[in-house]
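These are my notes from a session with one structure. I went through strands, sheets, cores and a few backbone angles in turn.

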Amino acid sequence: MFVRKAIPALLAGSAGLCFAGTAQAAPQTTAGTVINNTASVTYTVNGTAQSSTSTTATFVVDRKVNFTVVTDQSGMTQVNLGQQNAVTTFKVTNLTNDAQDFLLDPDQQSISLGILPGTDNFDMLNLKAYVDSNGNGVYDAGVDTATYIDELAPDASVAVFLVGNVPTTPTAQLAFDSLHVIVAAGGATATKGTALIATDLNLANADNTVDIVFADDDSDGTLYLGDIARNGQGRAYSGYEIGTHNVALTVTKSARIVSDGVNLLFPKALPGATVEYCLLVNNATLLTAATGVNLSDVVPVKTTYVPGSISIGLPGVPGIACVLSGSAEDDDADDAAESDGFTASFDGSTKTVAAHLDSVNGASSIAVAFKVTIN
Amino acid sequence: MLRSLTIAAVALGAFPAVAAGPLEVTSRVMVEAKQRADDGSTRVALLPARRVVPGDRVVFVLAYRNVGRQPLSDIVLDNPVPAGLAYRAPAQGSAVPDVSIDGKTYGALAALRVPVAGGSTRAATAEDVTNVRWRIDRPIAAGTQGQFAFQAILR
């Protein structure tokens, strides 16, 4: 029998006093903590006081693995076709009684039907999971690069982003995604732990070792099979929705006689007069840009294109100036050196003016002007 | 109560503890497990604590036995609640212990008050208990044994 030397009763009492101050709202006892229980005993034999202690009962606190994965955004992420680095945001909270690593699995395949409204009809491209390394709650490309959660402290949370590219398929409308999280061994900073395996509950506890007990909930409910209770895994669902498939794009063409060589003040449409044509492109849809807008306009018969006369930019006052502040475009089709997002060319054989606008923002207009002379 | 403790402390100084005295006290930690009997009834059995995680209930058992030849009297068993555990209640079948929130003053839980900031006090709860103590009023004869137990929750 193991008997400790006597513990003075008063010393035990003062230790207890310290403990009383932290009795409320204590965090979970850390896995691996050794709990000892020893009682002190006093008695008398024939009037002589004696004291002793009990044996010490010991157990090791086992690892109670618990964590949550939730979607941390309202509704689905609204995206446009071809959008790069579109983000859905999740939050992982460690409720285990020790620090743990968590493995992240971006998933688009194992999506139970009916969890989210709508029907999934496309997949995101290159979907990856990244940890919010700088803790600002926003995905920062090139900064949030960690692909697993390292040493998440008990009761701590961290944001995880699923980041992917939207394909350009015109029929794409809705893509569900889910963040699948697997608890892994902690204890080594900057080292990706291996997935934990629960200690077999039918095996006897090897004394003085830390058993692994999964206590995590079924994170998607019993109806859905994406996650089940006590499996050391969690899952949350979100999605990408292409809300706008078209924009209200209009083109208004107008003509203005710039000069006729005779009248300075009110030029007339005389042979040899110069006419400026104005193509006003308007995107009336709020918040959504029209990208890749191409315009082509055949120069009217009995007119001659004025070389180098194409100008593209913000529109001016109708009837006075077509382009207020724009850039002159060259006539050739080689636009490799162009960088302002607008290119144009004139094809002499088909007598066609072609213009390309990279983007026309929501609720805004771009004007394209070119000139001809009347034969 | 404080008086008797002081006496105990003095006694410690005067008579150093004997390594193996006539009162043998064994501490064990157990868990409650429901067991279904053949007749369909269930009963709660105590099994050795093998797997304990925060939130689990454990039972600390103190078994005593007079292994000497003399009767023993004035027996007091004082069990500080281990750090990381919160006292809950006496275990099923055990005598109700006196409890303490400071290791000095013992009594029924309902009678204890905890000082709070500002000089006032509030009623003590099981969470506040730091020590559990049993006194055996009558002398126990040689060879007599018995046990006490209390339930606690792992924080």
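How many bridges join strand S1 (residues 23-36) of chain B to S2(B), and do they run parallel or antiparallel? I find 7 bridges, and the two strands run antiparallel. I note at the outset that this is a predicted model.

**Entry 1: the hairpin in chain B.** I looked up one pair in the hairpin and found B:Arg36 opposite B:Thr42 in S2(B). Between S1(B) and S2(B) there are 5 residues. In this hairpin B:Gly40 has a positive phi, near 95 degrees. I then checked burial for strand S2 (residues 42-48) of chain B. Of its 7 residues the number buried is 0, so the strand lies largely in the open.

**Entry 2: chain B as a whole.** I counted 1 helix and 11 strands in chain B. Read from the N terminus, the order is α-β-β-β-β-β-β-β-β-β-β-β, with the helix ahead of the strands. Chain B has 155 residues, of which 33% count as buried. I also looked at sequence separation in the contacts of chain B. Taking contacts between residues at least 6 apart in sequence, 72% join residues at least 24 apart.

**Entry 3: a sheet with strands from both chains.** I traced an open sheet of 6 strands in the order S3(A)-S2(A)-S4(B)-S10(B)-S6(B)-S7(B), and its pairing is antiparallel. Its edges are strand S3 (48-53) of chain A and strand S7 (106-107) of chain B, each of which pairs on one side only. At the chain B end, I looked at how strand S6 (residues 98-100) of chain B meets S7(B): the pairing is antiparallel, over 2 bridges. B:Ser100 has B:Tyr106 in S7(B) as its bridge partner.

**Entry 4: domains of chain A.** I have chain A divided into domain 1 (9-61), domain 2 (64-242) and domain 3 (249-374). The contact between domain 1 and domain 2 of chain A takes 8 residues from domain 1 and 7 residues from domain 2. I sorted the domain 1 side by class and got 4 nonpolar, 4 polar and no charged residues.

**Entry 5: nonpolar cores.** The largest nonpolar core has 78 residues. Those that touch the most other members are A:Val92, A:Val160, A:Leu179, B:Val58, B:Phe60 and B:Leu77. Strand S12 (residues 157-165) of chain A supplies the largest share of this core, 6 residues. The core also draws at least three residues from each of domain 1 (9-61) and domain 2 (64-242) of chain A. I followed up A:Leu179, leaving out residues up to four places away in sequence. Its contacts include A:Val69, A:Phe90, A:Leu104, A:Val160 and A:Leu162, and also A:Arg235. Apart from the largest core I found another, of 25 residues, among them A:Leu279, A:Ala344, A:Val360 and A:Phe370.

**Entry 6: positive phi outside glycine.** Where does A:Glu151, with phi near 50 degrees, lie in chain A? I placed A:Glu151 in strand S11 (residues 148-152). It counts as partly exposed because 17 other C-beta atoms lie within 10 Å, and 20 would be needed for buried. A:Arg230, also not a glycine, has a positive phi of about 55 degrees. I found A:Arg230 in the loop between strand S14 (212-214) and strand S15 (233-242) of chain A. A:Arg230 has 15 C-beta neighbours inside 10 Å and therefore counts as partly exposed.

How values were computed: Residues are numbered from 1 along each chain as its sequence is written. Chains are lettered from A and ligands numbered from 1 in the order in which they are written. This is a predicted model: local features need pLDDT of at least 70, side-chain atom pairs count only at pLDDT 80 or more; totals for chains, interfaces and linings use all residues. Helices (H or I, at least four residues) and strands (E, at least two) are DSSP runs, numbered from the N terminus. A residue is buried if 20 or more other C-beta atoms lie within 10 Å of its own, exposed if 12 or fewer, and partly exposed in between; C-beta atoms are placed from the backbone. Two strands pair if DSSP finds at least two bridges between them. Domain bounds come from an automatic or database domain assignment. Two residues are in contact if their C-beta atoms, placed from the backbone, lie within 7 Å. Ala, Val, Leu, Ile, Met, Phe, Trp, Tyr, Cys and Pro count as nonpolar, Asp, Glu, Lys and Arg as charged, and the others, Gly among them, as polar. A nonpolar core is a set of buried Ala, Val, Leu, Ile, Met, Phe, Trp, Tyr and Cys residues joined through C-beta atoms within 7 Å.
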